[in-house]
Amino acid sequence: MTVAPILVTGAAGGSQGSTGFHVTRLLLDTGRPVRAFVHRLDDRSDRLQALGADVVEGDLGNFRSVADALAGIRRAYFAYPVQEGLLEAAATFASAARSSDVEQVVNLSQWLQPTGEQPTPHQARHWLVEQIFDWADVGAVHLDATVFYENLCTWALASLTRAGVIALPWGPESTAIPMVSAQDVARVAAAVLTRPTLPGGTVIRLMAGAVTNKESADAFSQILNRSVDYVEISEKQWASAASEAGVNAVAIEHLTHLWRYLRTLPPEYQALYHITDAFEDFIGEPPESLAHFLRAHKDSFAPAVAR
């Protein structure tokens, strides 16, 4: 019997975690056919084809484009970058999925509060997206993930290369930041997509624990074989540097609010951060630590070493 492919959006990957690419690779590694939905055909889509994916070019804001991609699909992974268009894309995808034979949509979300009152405007949109998928009755499973290690590395590498320090508006050295690897999030997503269908509206919280700013600096020190300090900078300094680096306005707004929220949480709240059970439940092992993640990606820090 022919196995229906799994549709994966964001499959080409990007600069914010690339969970779509990781999900695609993981599914293909287990022999599951994947229809990879990409915004444009380029070197990244060629990489997907080389892995064995059926690549389709489309626009998540166009109903006909999404409906065509969902033809014959029973399960799908929805991920959207931190930029404009999230609500439109989610509503379009949910509507097209409801009109097709989709039984399960795994939606990459963010670590949200139970109500609509969220720390950032973009998280408020993610809360609405979860409601949209639930209302559409498409078997939505929401992955509520914390800050990705990959994002820490992006921001840390910029200041390490420029000034030899980790310069972020994350409060004092003692501030704990809840984190997780995007690759571990993708592993959970792939497991959900290939297991018996979960009830619609299921929320899976994904956190690998917390890392203080000092612990992050110490982990980078080990990788770079030199002392690395964490230096607190202002929101304005960070936003200015991010803008100069080409980061879009939605991402800057979101992260500015998020960093402010995380650094102002009381210590007793930060003490509640812990490894969530989902990793043992779905992949049978704990999530990787920041230190392990950095060791596995040490080659990406060559610019900081060469400084």
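Q: Which residue in S3 does phenylalanine 37 stand opposite?
A: Welcome: this is a predicted model, in which local features need pLDDT of at least 70 and side-chain atom pairs count only at pLDDT 80 or more, while totals for chains, interfaces and linings use all residues. Residues are numbered from 1 along each chain as its sequence is written, and side-chain values use heavy atoms, leaving out hydrogens and water. Strands (E, at least two residues) and helices (H or I, at least four) are DSSP runs numbered from the N terminus. S2 covers residues 34–38 and pairs with S3 in the parallel sense over four bridges, and in S3 the residue opposite phenylalanine 37 is valine 56.

Q: Which residue in S3 stands opposite arginine 35?
A: Two strands count as paired if DSSP finds at least two bridges between them, and S2 and S3 have four. Arginine 35 has its place opposite aspartate 54.

Q: In what order do the seven strands of the open sheet lie?
A: The pairing in this sheet is parallel. Its edge strands, each pairing on one side only, are S3 (54–57) and S10 (202–206). From one strand to the next, the twist averages 20°; here axes are lines fitted to C-alpha atoms, for helices over the stretch in contact, and angles between N-to-C directions run from 0 to 180 degrees. The order is S3-S2-S1-S4-S5-S6-S10.

Q: Which residue in S2 stands opposite isoleucine 6?
A: Strand S1 (residues 6–9) runs parallel to S2, and four bridges join the two. Opposite isoleucine 6 stands valine 34.

Q: Why is S2 described as largely enclosed by the rest of the structure?
A: Buried means under 20% relative accessible area, exposed over 50% and partly exposed in between, using a 1.4 Å probe and protein chains only. Both faces of S2 are covered, with Val34, Ala36 and Val38 on one side and Arg35 and Phe37 on the other. S2 is largely enclosed because the number of its residues that are buried is five of the five.

Q: What is the bridge partner of valine 105 in S6?
A: S5 and S6 run parallel and are joined by six bridges. Both faces of S6 are covered too: Ala140, His142 and Asp144 are buried on one side, and Val141, Leu143 and Ala145 on the other. The partner of valine 105 is alanine 140.

Q: What angle does the direction of H5 make with that of S5?
A: Helix H5 (residues 121–136) packs on the sheet, touching S4 (75–78), S5 (104–110), S6 (140–145) and S10. Contact means heavy atoms within 4.5 Å. The direction of H5 makes with that of S5 an angle of about 165°.

Q: Which helix gives the most to the largest nonpolar core?
A: A nonpolar core is a set of buried Ala, Val, Leu, Ile, Met, Phe, Trp, Tyr and Cys residues joined through side-chain atoms within 4.5 Å. The largest has 78 residues, of which Tyr77, Leu143 and Phe220 touch the most other members. With nine residues, the helix that gives the most is H7.

Q: How many of the 13 residues of H7 are buried?
A: H7 covers residues 182–194. Among its buried residues are Ala182, Val185, Val188 and Leu193. H7 is largely enclosed by the rest of the structure, because its count of buried residues is eleven.
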